[in-house]
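Open the model in your viewer and keep the sequence panel visible. This tour gives a selection at each stop and says what is found there.

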Amino acid sequence: MIRRIFTAALLFIAVSLSAHAVVRYGYAPEEMADINKIYQGQGGNGYLGGMICLDPAIDPVMVRLEGHQIKGVRCFLSHDYMQARQKRSMIMHASSLEAEPTTKVCDFVAGWNEIYFDEPITIGADPVYLGLQVYESGSASHPLVSYGSASVSGSCFINLNKQGWEKYENRGTLLIQAILDDEAASIIDNMVYAQVATSPQAVAPAAPFESEIFFNNYTDKAINSVELLMLGQGDDTPRVIDVVFDTPLAPREGRNLPMDVYTGSEVGVSQWIKLDVSKIDGKATQEARSGITYHYVTNEAFNRMSVVEEFTSQSCVNCPFMIYYLDKAMHEYDKEVVYITHHVGFVPDLFTKPSETDLLYLFGEEATFNPAVMYDRRIMPGKITPINGASVAETTPYTQALNMVTAILAMAEVNIELAHDQEAGKIGCTVSGRVNSEMVAAGVDAYITVCLVEDNIPVSDKYFQKGLEEEEGAPEDLIESFRHNGVKRHVYTAQTGDLITFDGSNEFSIDYEAIEIDPEWNLDNCRVAAFVHKVDKADMTQNEVLNASQKWVTALGAIDDVESEKESVHFYVNDDRTISVLGDIVSYQVYNIHGQYIPSGSALLQGVYVVNYKTISGERGTTKLLVR
């Protein structure tokens with residue numbers, strides 16, 4: 001959820017919708033799934049205003065509406081705001097963000113409101129800023145609502161505590177519309193708006209990428225199909241794509257549809273892709289505003305290693321349950337990922353590092369909570385921060401997120417060289433690489449985070465973990481399988497990363513001073529992880545990981561002294577790369593050469609594994625297993 005504020009004055013005319021059809025126009029749909037709604041506000045006491053801009057300079061619909069009238073505001077509120085007596089709630093309009101708005105004091109009810117100005121506005125050549133203001137309170141917070149899965153330019157202006165209007169391009173499209181005169185109905189009765197709703201951080205030129213397209217049905221009829229025109233920057237003619245909806249697009253409905261989107265031939269940081277709907281159910285449409293989005297199109301990209309970061313605590317009773325499925329998803333995934341935990345956001349513990357609270361800005365305005373997880377610090381569809389709640393007792397949501405982020409082209413190359421002095425008991429490193437030249441030329445700052453991480457730390461009196469026995473419905477092997485993984489033993493950089501200085505070739509190389517190795521650390525389970533990323537505490541979309549790498553301190557040392565398998569117990573690998581066992585076994589656990597636990601039933605990748613087991617008689621044993 002989001003939080004913000006607004007000012008306006010008007011009288012509440014109609015709480016419920018009128019008996020006759022109200023002619024209205026705006027950029028947000030009226031029908032949508034609840035998951036696509038974002039509630040915006042500051043979460044406490046203060047004024048909050050929201051407006052949209054209807055501009056004839058960019059919107060052909062407003063050109064056709066010249067001479068018609070805007071009679072009032074149609075808007076959606078999260079709660080009742082009966083503040084007319086105090087003159088705190090109102091509708092408003094203005095010709096610019098700097099101009100003093102014309103207001104009308106009113107009351108609002110939760111849901112859709114239709115409120116009329118004392119004097120209508122005649123539409124001309126100038127833009128019309130249209131919206132409302134309320135006074136937000138802690139008991140009725142987050143008043144403004146937006147369609148969160150698509151941000152139409154000019155559809156979200158926020159004024160917090162009367163400090164001035166700010167334009168937002170990443171908070172969705174506010175549910176605010178203009179109420180028009182009845183004669184305007186025929187001008188807007190045959191249109192569908194389309195826009196790219198989601199995009200990877202970078203895409204290749206003249207090629208498709210997986211995306212979602214937002215369709216907004218302006219008509220009062222259901223639509224089965226549309227003809228979509230897609231034009232990328234550098235192309236002369238648009239692609240013509242026939243889109244058939246699985247279920248009809250309902251009147252006034254907004255919907256995101258997964259589709260491939262094609263880039264143009266030009267490269268650069270801000271290359272546009274323009275979408276137009278030319279036909280509805282085979283018939284020509286009225287001209288609507290083009291859906292234009294900007295994309296980073298580049299030939300210079302690298303193979304990605306993704307970073308999965310988890311916020312956890314030894315005192316978090318829900319964390320082991322979530323970690324079990326997240327861990328299983330990462331091991332089932334066919335690509336290597338960098339897994340790091342941050343022991344902050346709930347109760348500090350023995351693993352909490354100094355200044356780790358600096359990372360809590362990634363929660364945005366949300367309250368901190370554990371367990372939570374980030375994937376390359378990217379914002380998932382329908383979210384407003386990189387933080388995702390993680391409490392689902394299945395692997396699918398985590399696997400889907402991994403598939404999404406690892407498919408994105410990386411914008412940096414990261415290499416790690418270890419400086420491990422066993423005799424001196426110290427370990428340092430050199431991290432080098434380069435960042436996409438177009439990104440550097442555009443002035444985008446890049447930061448680097450480097451840390452020494454340990455996995456496979458068993459639960460003990462010192463390294464306890466709450467929630468292993470109390471969690472209802474937890475997997476049977478949760479207690480046996482749980483380990484503290486991704487624990488940061490040392491951070492060579494600031495928690496939020498250090499700004500990278502580049503040479504003339506956009507390359508970097510940084511030596512990190514060797515640190516003393518704590519005798520408690522098991523170096524066989526330690527790795528140095530490094531990732532290059534953005535940092536922007538004001539804009540959650542600008543924190544993505546550009547790329548990452550990791551290097552294990554030792555490779556095969558963890559299995560050098562593995563015992564031989566007992567004669568009565570035999571493990572073997574099935575055709576589907578799962579493990580089967582012959583013998584009277586009570587339980588067993590599988591670990592890869594890095595000491596990471598592999599959930600039972602997982603298909604194993606090629607490599608060497610260690611199996612710990614317990615027989616029915618109570619004997620314990622360990623064996624190596626080679627998967628070819």
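**Stop 1: the largest nonpolar core**

Select Tyr25, Ile70, Phe108 and Leu180. In this predicted model, these four touch the most other members of the largest nonpolar core, which has 51 residues. Now colour the elements that each supply at least two residues of this core: strand S3 (46–54), helix H1 (60–64), strand S4 (69–77), strand S7 (111–122), strand S8 (128–136), strand S9 (144–147) and strand S13 (176–180). Which strand gives the most to this core? It is S4, with five residues.

Next, centre the view on tyrosine 25 and show what surrounds it. Leaving aside neighbours within four places in sequence, tyrosine 25 is in contact with Leu54, Asp59, Val61, Met62, Gln177, Ala178, Leu180, Ile188, Met191 and Tyr218. Apart from this core lies another one, of 29 residues, including Ala412, Ala446, Ile448 and Ile515.

**Stop 2: aromatic rings**

Stay with tyrosine 25 and add two more rings to the selection. Tyr25, Tyr27 and Tyr218 form one aromatic cluster. How many aromatic pairs does the structure hold? The count comes to 15.

For a look at an aromatic pair, select tyrosine 193 and phenylalanine 214. Their rings are 6.3 Å apart, centre to centre, with 65° between the planes, and the pair is edge-to-face. Tyrosine 193 belongs to strand S14 (residues 192–198) and phenylalanine 214 to strand S15 (residues 208–217), so the pair ties together parts that are 21 residues apart in sequence. Are these two residues buried or exposed? Tyrosine 193 is buried, at a relative accessible area of 3%, and phenylalanine 214 is buried too, at 0%.

**Stop 3: the sheet of S14, S15 and S18**

Switch to a ribbon view and select the strands that carry this pair, together with strand S18 (254–262). S14, S15 and S18 form an open sheet in the order S14-S15-S18, with antiparallel pairing. S14 and S18 are the edge strands, and each pairs on one side only. On average, neighbouring strands in this sheet are turned by 35° against each other, direction ignored.

S14 and S15 pair over six bridges. To see one position across these strands, select threonine 198, which stands opposite glutamate 212 in S15.

**Stop 4: S19 and S21**

Move on along the sequence and select strand S19 (residues 268–280) and strand S21 (residues 291–297). The two run antiparallel and are joined by six bridges. Leucine 275 stands opposite glycine 291 in S21. S21 is mostly covered, as five of its seven residues are buried.

**Stop 5: cysteines**

Select every cysteine and show the sulfur atoms. How many disulfides does a search of the whole structure find? The search finds one. The disulfide joins cysteine 316 to cysteine 319, with an S to S distance of 2.3 Å. A disulfide is a covalent bond between the sulfur atoms of two cysteines. The link of cysteine 316 and cysteine 319 is right-handed, with 90° about the S-S bond. Cysteine 316 is buried, with a relative accessible area of 3%, and cysteine 319 is also buried, at 0%.

Cysteine 53 is in no disulfide; the nearest cysteine sulfur is that of cysteine 156, 13 Å away. Why is there no bond between the sulfurs of cysteine 156 and cysteine 53? At 13 Å, they are too far apart for a bond. Cysteine 53 is buried, with a relative accessible area of 9%, and cysteine 156 is buried at 0%.

**Stop 6: the sheet of S26, S27 and S31**

For the final stop, select strand S26 (412–421) and strand S31 (507–516), then add strand S27 (residues 426–435). These three strands make an open sheet in the order S26-S27-S31, paired antiparallel. S26 and S31 stand at the edges with a single partner strand each, so one side of each is left without a neighbour in the sheet. Neighbouring strands here are turned by 15° against each other on average, direction ignored.

Zoom in on S27 and S31, which pair in the antiparallel sense over eight bridges. Select valine 431 to end the tour: its bridge partner in S31 is isoleucine 510.

Note on methods
Residues numbered from 1 in each chain as written. Predicted model: local features only at pLDDT ≥ 70, side-chain atom pairs only at ≥ 80, totals over all residues. Heavy atoms only, no water. Disulfide = S-S within 2.5 Å. Buried < 20%, exposed > 50% of the residue type's maximum accessible area, 1.4 Å probe, protein only. Core = buried A, V, L, I, M, F, W, Y, C linked by side-chain atoms within 4.5 Å. Helix = DSSP H or I, 4+ residues; strand = E, 2+ residues; numbered from the N terminus. Contact = heavy atoms within 4.5 Å. Pairing = 2+ DSSP bridges. Axes fitted to C-alpha atoms, helices over the stretch in contact; angles between N-to-C directions. Phe/Tyr/Trp six-rings, centres within 6.5 Å; stacked < 30°, edge-to-face > 60°.
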